[in-house]
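Reader: Before I rely on any label attached to this model, I would like to see each one set against the criterion behind it. Could you show me the structure and then take my questions in turn?

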Amino acid sequence: MAPLVKELESRREIESRCCITAQHREMLDDVLRLFSITPDYDLNIMEARQSLYTITSKCLLGLEEVFFQEKPDLVLVHGDTSTTFSGALAAFYQKIPVGHVEAGLRTWDRYSPFPEEMNRTLVGDLAQLHFCPTVSNRDNLAAEGIQKGVFVTGNTVIDALKTTVRPDYRFRTALLNDLDYTGRQIILVTCHRRENYGQPMTNIMKGLRRLVEAFPQAELVYPVHLSPVVSEAAQTHLGGHPRIHLIDPLTPDEMHNLMARAFFVMTDSGGLQEEAPALGRPVLVLRRETERPEAIKAGTALLAGTEERAVYDHAARLLTDPAAYTRMAQAVNPYGDGHACRRIVDAILWTQGLREAAPEEFSV
C-alpha cells in the first residue's frame, strides 16, 4: 500500500489521508520509515497476544471516529487482514464508498487461509471499486456476481520492489552481509500462517531441518515472525544448527534484497509468492492451496504442501536439478509491471469524472 499512498500524494486532483491501525506495530513502523510516510491517524491498537476479536473491535471503534471526522469520498483498504475487513465495514456503516486494493484473490475454502479468505470475500461484497492484480482475480469476482467497478491493475507490491532492490544494498542485519550468496545455496524461509499452527508447522520445520542436514551447501535464513507460537516452534525444531539462521523480522527493503540474492524461497506468505517471481526466484509454497494460482500456472511457484516428506522432496529437487530450477527462475512473473498504483489512481479519477479515459488494463 505504501507506493499507492505516495502516488495519491502526487496527484493534484486528490486530497488523501493515511490512517494506520498498527495491527502489527513493529513491522508497520519499518514500512513507514522506508517510504517516508507520516500517517495522519494512528490507532495504535496492538497489544500482547491479541485475538481476532480485539483487533476487529478496536479497529471498528477507532475508524468510526476517523471517518466521522474526515467524511471521505472514498476509503481504500488493502488485501485480506482484519484491518482490511474492519476498515471496509466501518466505511459501510457510514455509507462511504470502499475501494479494495488487491481484490479477487480466492482459495474457495473459508477456513484457509484463516481468517484472510473470509476477510477478502466479505470486503468484496462491501466494496464498490475492486482493483484486481490479475485477470483471474477479476474472473473470481465475476463468479460471485461482482462485475461493476472492477479494474485489472497488477499488484502494487511490484511497484514497491522498484524502489527497494539495489545491487549495492547493505543490510542492517549484519549476518546478511556476511553470507556467501554465490558459493552456497541460500534458502529464504518464512512460515507464520495461522492455519499452519500446530502439526503442519511442525511438519514443515522438520522437513527444513532434514534438508539442511542432507545438503552441506544449503544454508537457511528464517526471519521469524513475532507470534509466540511461531517463534517457539522455530526454536524447538530449527534452533542450534550452524547453517540455520533464525533472525528477527526484516524491514521490507532488507527482505526484498535478501530475496534478490537467495537461491530460492520457501514460504506460506502471500506477498512473497508475488515478489520472488519478480526477482527471478523460484517459490515453494508451504500451504495446501494458494489464492495466487497464477504463479503456479506460470511455473514461478509450486505447492509444496505441509507434509515433511513433500517439503523436503520439492526443495531437494531445486537444489539438485538445474533444469527444474531454471524453468521456475525464468518463468514470466504474472503479477505486475510496476505501474499498478498509477492504474489504480487513474481508475479512481475516471470513476469520479476527473479523467476522460479509463486506465489501460494490466496484462502479462
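Author: What follows is a set of questions about labels, each answered with a value and a definition.

Author: This is a predicted model, in which local features need pLDDT of at least 70 and side-chain atom pairs count only at pLDDT 80 or more, while totals for chains, interfaces and linings use all residues. Residues are numbered from 1 along each chain as its sequence is written, and side-chain values use heavy atoms, with hydrogens and water left out.

Reader: What makes a stretch of the chain a helix or a strand here, and how many of each are there in the protein?

Author: Both are DSSP runs numbered from the N terminus, a helix being H or I over at least four residues and a strand being E over at least two. By that criterion the protein has 16 helices and 12 strands.

Reader: Why is the protein called as compact as a globular protein of its length?

Author: The radius of gyration is taken over C-alpha atoms, and the globule rule is 2.2 Å times the number of residues to the power 0.38. For 364 residues that rule gives 21 Å, and the protein has 20 Å, which is close to it, so the protein is as compact as a globular protein of that length. Along the principal axes, the C-alpha atoms fill a box of roughly 60 × 40 × 40 Å.

Reader: What share of the contacts in the protein joins residues 24 or more positions apart?

Author: With contact meaning heavy atoms within 4.5 Å, such pairs account for 65% of the contacts that have a separation of 6 or more.

Reader: How do you know that there are 0 disulfides?

Author: A disulfide is a pair of cysteine sulfur atoms within 2.5 Å, and by this rule the count comes to 0. The sulfur of Cys18 has its closest cysteine sulfur in Cys19 at 7.3 Å, which is too far for a bond. For Cys59 the closest cysteine sulfur is again in Cys19, at 8.7 Å, so this pair is also too far for a bond.

Reader: Why are Cys18 and Cys59 called buried?

Author: Buried means under 20% relative accessible area, exposed over 50%, and partly exposed in between, with a 1.4 Å probe and protein chains only. Cys18 has 14% and is therefore buried, and Cys59, at 0%, counts as buried too. Over the whole protein, 55% of the 364 residues count as buried.

Reader: What makes helix α12 mostly covered?

Author: Helix α12 spans residues 271-278, and 6 of its 8 residues are buried. They are Leu272, Gln273, Glu274, Glu275, Ala276 and Pro277. Among the elements that cover them are α7 (156-164), β7 (185-190), α11 (252-261) and α13 (293-298). Just after α12, Gly280 takes a positive phi of about 75°.

Reader: Why are Gly79 and Ser82 called buried, and what is each in contact with?

Author: Gly79, in the loop between β3 (75-78) and α4 (82-93), has a relative accessible area of 3% and is therefore buried. Leaving aside neighbours within four places in sequence, Gly79 is in contact with Thr84, His100, Val101, Glu102 and Arg120. Ser82 lies in helix α4 and, with a relative accessible area of 5%, is buried as well. With the same kind of neighbours left aside, those within four places in sequence, the contacts of Ser82 include Gln23, Leu52, Ile55 and Asn119.

Reader: Which peptide bonds are called cis, and what are their omega values?

Author: A cis bond joins Ser112 and Pro113, where omega is about -5°, and the bond from Phe114 to Pro115 is cis with omega near 5°. Pro113 is found in the loop between β4 (98-101) and α5 (116-126), and Pro115 is in the loop between β4 and α5 as well.

Reader: What phi values do Ala22 and Ser36 take, and is each buried or exposed?

Author: Ala22, a residue other than glycine, has a positive phi near 60°, and its place is in the loop between β1 (19-20) and α2 (25-35). With a relative accessible area of 2%, Ala22 is buried. Ser36 is not a glycine either, and has a positive phi of about 55°; Ser36 lies in the loop between α2 and β2 (41-42). At 57% relative accessibility, Ser36 counts as exposed.
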